[in-house]
Amino acid sequence: MLNKKYLAIAIVVLAVAVLIIVFVPSDKRQEQLTDGLKIESWQTKNGAKVFFVPAAQLPMVDVRVVLNAGSARDDGKAGLAYLTNLLLDNGAGSWDTGQVLERFDDIGAQFSTSVMRDMAIAHLRTLSDSSMLSSAAETMATVIKDPQFNVTELDRERQRLLVALRNQQESPEDLAELAFYSAVYEQHAYAAPVMGTRETIPLITRADLQAFYQRYYVGKNAMVVIVGAVMRSDAEHIAELVVGGLPAGQAAEALADVPPLRASKTINQNHPSSQTHVWVGQPGMTRDDADYFPLYVGNHILGGSGFGSRIVNEIRESRGLAYSSYSYFVPMQRKGPFLMGLQTKNDQAQAALKVLQEVLNKFIAEGPTAEELQHAKKNITGGFPLRLDSNKDITEQVAMMGFYNLPLDYLKTFNSKVEAVTTAQIKEAFSRRVQANTMVTVMVGNQDANSKKP
């Protein structure tokens, strides 16, 4: 009965959201969203940062716990952060895996975990009904503060993970990503794959998980974001409940800076695929980078906006060399990658790569046109409301702001900072920050075919 009730409410919520999207102009939605977005912040007793956004329109609450415990903290045991986070809800307190699942499922709550290079995440979505919210938050609290790290569950998840890692070897896209991060970051912590390797996963023990958890799952290394139909006093109680049981501990040490590439590298991997996957790039920018907005807006023109971007126009529209082509920055604590990519027929790979390089070189040398910049600004600012269309979207944005120590008015000032970017700033930032002569190029495909010259 509870799940049916939850489904009925969810349908009504979706219908209301669709009506808002359809009938409210995007610029007005942006004003309404950011002007009405009140972000409150404080700390729990054990030092965890808390960010709260009251959102009374929908009877839902999102609670996200973010820890500075991503795969960059693996310290030579690739996959350790991933396995630790994965096993949080595989038995906690006095409950086994099935009982934890039932506690969430019986009240229609959704709980998930995930790991990236910078962070580990636990996310709860539940109805704001007091009894359901209380039960969901209590279960989440037990999962976070008292995971069992059961050996049987570890063995099972380890085997599942090994299967997933074997499957990666059949995917040219996965192989390209693994080779790219390894070549770009070399000895840096960002080089290792988030999910680990077939060599490291069998070596990770329960003691390793416990040691990692005890070091990084602590109050001063944690952040809680709460968005939904609750009062400030309720949010304070939820935050203390969910992470207050953790020891205060210490925040994670700062990661080492990412060294620049000293020379270009080309990596070719043979794979019996009909298409070649091409990844080209280098270390790019941090989330709080002083050049963030010129690089972000500039990349939107270069290859970040799909149709209309230079890379798509030149590679797909003008020459028909690839169906998919793009570029983007991945801003992180330390310099995340700047990446250009495409997938093309094996015998067109060299030709497509040449065009990709030419487009980048021209953009660095000349920058964008005034017309391109104006179009990009309209596109970015017009699409901004989609970033905040749901409580979950708001939760993700606020969590990003909190984790990377961005100002609380970041969302409110985002569009004005985009509008302030000039063609000269983009040209200067790209010419200074993107070094076309020191790029990593990864090509995964049929080497006999893609070795053909255009």
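# Reading strands, burial and backbone angles

Trainee: Which residue in β5 is the bridge partner of Phe 111?

Mentor: Leu 124 is the bridge partner of Phe 111. Keep in mind that this is a predicted model.

Trainee: Which strands pair there, and in what sense?

Mentor: Strand β4, residues 110-115, pairs with strand β5, residues 120-127. The sense is antiparallel, and there are six bridges. Another pair in the register is Gln 110, which stands opposite Arg 125 in β5.

Trainee: How many residues lie between β4 and β5?

Mentor: Four residues lie between them, and the two strands form a hairpin.

Trainee: What does β5 do with strand β3?

Mentor: Strand β3, residues 60-67, runs antiparallel to β5, and eight bridges join them. Look for Val 66, which stands opposite Ile 121 in β5. So β5 pairs with β4 and also with β3.

Trainee: How should I picture the side chains of a strand?

Mentor: In a regular strand, side chains point to the two faces of the sheet by turns. Now check the cover here.

Trainee: Is β5 mostly covered or mostly open?

Mentor: Mostly covered: seven of the eight residues of β5 are buried.

Trainee: Why does Thr 441 count as buried?

Mentor: The cut-off is under 20% relative accessible area. Thr 441 has 6% relative accessibility, so it counts as buried. Find Thr 441 in strand β11, residues 440-445.

Trainee: Which residues does Thr 441 touch, beyond its neighbours within four places in sequence?

Mentor: Its contacts are Lys 265, Thr 266, Ile 267, Trp 279, Val 280 and Leu 353. Take Ile 267: 174 residues separate it from Thr 441 in sequence, yet the C-alpha atoms are 6.1 Å apart.

Trainee: What share of the contacts in the chain join residues at least 24 apart?

Mentor: Count the contacts between residues at least 6 apart in sequence: 83% of them join residues at least 24 apart.

Trainee: Which residues of helix α11 are buried?

Mentor: Arg 310, Ile 311, Val 312 and Ile 315 are the buried ones in α11, residues 310-318. Their cover includes the helices α10, α12 and α13, and the strands β9 and β10. Step just past α11 and you meet Gly 320, with a positive phi of about 65°.

Trainee: Which residue other than glycine has a positive phi of about 50°?

Mentor: Phe 149 has that angle, and it is not a glycine. Phe 149 sits in the loop between α5 and α6.

Trainee: Is Phe 149 buried or exposed?

Mentor: Phe 149 counts as buried because its relative accessibility is 2%. Compare Asn 405, whose phi is near 55°, again positive and again not in a glycine. Asn 405 lies in the loop between α14 and α15. With a relative accessible area of 61%, Asn 405 is exposed.

Trainee: Now the whole chain. How many helices and strands are there?

Mentor: There are 17 helices and 11 strands. Of the 454 residues, 52% count as buried.

Trainee: What does the radius of gyration say about the chain?

Mentor: Set the value beside that of a compact globule. For 454 residues, such a globule would have a radius near 22 Å; the chain has 23 Å, so the two agree. The C-alpha trace spans about 65 × 55 × 40 Å along its principal axes.

Trainee: How far apart are the mean positions of the positive and negative charges?

Mentor: They are 3 Å apart, for 45 positive and 48 negative charges.

Note on methods. Residues are numbered from 1 along each chain as its sequence is written. This is a predicted model: local features need pLDDT of at least 70, side-chain atom pairs count only at pLDDT 80 or more; totals for chains, interfaces and linings use all residues. Side-chain values use heavy atoms; hydrogens and water are left out. The radius of gyration is taken over C-alpha atoms; the globule rule is 2.2 Å times the number of residues to the power 0.38. Buried means under 20% relative accessible area, exposed over 50%, partly exposed in between (1.4 Å probe, protein chains only). Contact means heavy atoms within 4.5 Å. Lys and Arg count as positive and Asp and Glu as negative; His and the chain ends are not counted. The place of a charge is taken as NZ of Lys, CZ of Arg, CG of Asp or CD of Glu. Two strands pair if DSSP finds at least two bridges between them.
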